[in-house]
Amino acid sequence: MLTLTDAASLAVKEIVDRSGAPAGSGLRIDAEGDTGTQFAVDIAPAPEERDAIVEQAGARVYLAEEAAQALDDKTLDARVDEDGRVAFDVLPQRI
């Protein structure tokens, strides 16, 4: 299952909180294309029926079925650029 770094957990919580979304909302990740290496990210008020749910350090991430499969052995990390924009990186999980 996807894991989150501390930086990613903090970024997800801040993005969702600042969006004004209702309590229980999370960041939803869905696969784009056929390669399983590109993803769409959006704020969702609740998971969709077949979504996997990752909760870590107060952050909530909903993974669409294809995204959950593609990210099963990965870690989500986040960084903030000099303009204050958040970028997410998908890294191999450390065992």
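Here is a friendly chat about a predicted model and how its helices, strands and core fit together.

Reader: Hi! I'm new to this one. What kind of model is it?
Author: Welcome! It is a predicted model.

Reader: Okay, let's start with the sheets. Which order do the strands take in the four-stranded sheet?
Author: The order is 3-2-5-4, in an open sheet with mixed pairing. Strand 3 (38-44) and strand 4 are at its edges, each with a single partner strand, so one side of each has no neighbour in the sheet.

Reader: And how are neighbouring strands turned against each other there?
Author: On average by 25°, with direction ignored.

Reader: In which sense do strand 4 and strand 5 pair?
Author: They pair in the antiparallel sense, over five bridges. As one example, Val-54 has Val-61 in strand 5 as its bridge partner.

Reader: What sits in the loop between strand 4 and strand 5?
Author: Ala-57 has its place there. Its phi is near 50°, which is a positive value in a residue other than glycine. Most residues other than glycine have a negative phi.

Reader: Is Ala-57 buried or exposed?
Author: Ala-57 counts as exposed, because its relative accessibility is 51% and the cut-off for exposed is over 50%.

Reader: Now the other sheet. What is the strand order in the sheet of three strands?
Author: That one is an open sheet too, ordered 1-6-7 with mixed pairing. Its edge strands are strand 1 (3-4) and strand 7 (86-92), and each pairs on one side only.

Reader: How many bridges join strand 6 to strand 7?
Author: Seven, and the two strands run antiparallel. Among the facing residues, Val-80 stands opposite Val-86 in strand 7, and Leu-76 has Val-90 in strand 7 as its bridge partner.

Reader: What do strand 6 and strand 7 form together?
Author: They form a hairpin, with five residues between them. Gly-84 is in the turn and has a positive phi of about 85°.

Reader: Switching to helices! How many residues does helix 1 have?
Author: Helix 1 has 14 residues. From its first C-alpha to its last it reaches 20 Å, close to the 20 Å expected at 1.5 Å a residue. After helix 1 comes Gly-20, with a positive phi near 80°.

Reader: Which residues of helix 1 are buried?
Author: Ala-8, Ser-9, Ala-11, Val-12 and Val-16 are buried in helix 1. They are on the same side of the helix because they cover an arc of only 165° around the axis.

Reader: And what does the face turned away from that buried side carry?
Author: That face carries the exposed residues Asp-6, Asp-17 and Arg-18. Asp-6 counts as exposed because its relative accessibility is 66%. The C-alpha atoms of Asp-6 and Gln-56 are separated by 8.7 Å, although the two residues are 50 residues apart along the chain.

Reader: What covers the buried residues of helix 1?
Author: The cover includes strand 1, strand 2, strand 4, strand 5, strand 6 and strand 7.

Reader: Which strands does helix 1 lie across?
Author: Helix 1 lies across strand 2, strand 3, strand 4 and strand 5, and it runs at about 90° to strand 5.

Reader: Let's go inside. How many residues are in the largest nonpolar core?
Author: There are 18 residues in it. Leu-2, Leu-4, Ile-29, Val-61 and Leu-63 have the most contacts inside that core. Helix 1 (6-19), strand 2 (26-32), strand 4 (52-56), strand 5 (59-63), helix 2 (65-70) and strand 6 (74-80) each supply at least two of its residues. Helix 1 gives the most, with four residues.

Reader: What does Leu-63 touch?
Author: Leaving out residues up to four places away in sequence, Leu-63 touches a set including Met-1, Leu-2, Ile-29, Val-54, Ala-68 and Leu-71.

Reader: And Leu-2, where is its place?
Author: Leu-2 is in the segment before strand 1. It is buried, because its relative accessible area is 3% and buried means under 20%.

Reader: Which residues does Leu-2 touch?
Author: With residues up to four places away in sequence left out, its contacts include Val-54, Leu-63, Leu-71, Leu-76 and Gln-93. The C-alpha atoms of Leu-2 and Pro-92 are separated by 9.7 Å, and these two residues are 90 residues apart along the chain.

Reader: Thanks, that helps me find my way around!
Author: Happy to help!

Notes
Residues numbered from 1 in each chain as written. Predicted model: local features only at pLDDT ≥ 70, side-chain atom pairs only at ≥ 80, totals over all residues. Heavy atoms only, no water. Core = buried A, V, L, I, M, F, W, Y, C linked by side-chain atoms within 4.5 Å. Buried < 20%, exposed > 50% of the residue type's maximum accessible area, 1.4 Å probe, protein only. Contact = heavy atoms within 4.5 Å. Pairing = 2+ DSSP bridges. Expected span 1.5 Å × (residues − 1). Arc of directions from axis to C-beta. Axes fitted to C-alpha atoms, helices over the stretch in contact; angles between N-to-C directions.
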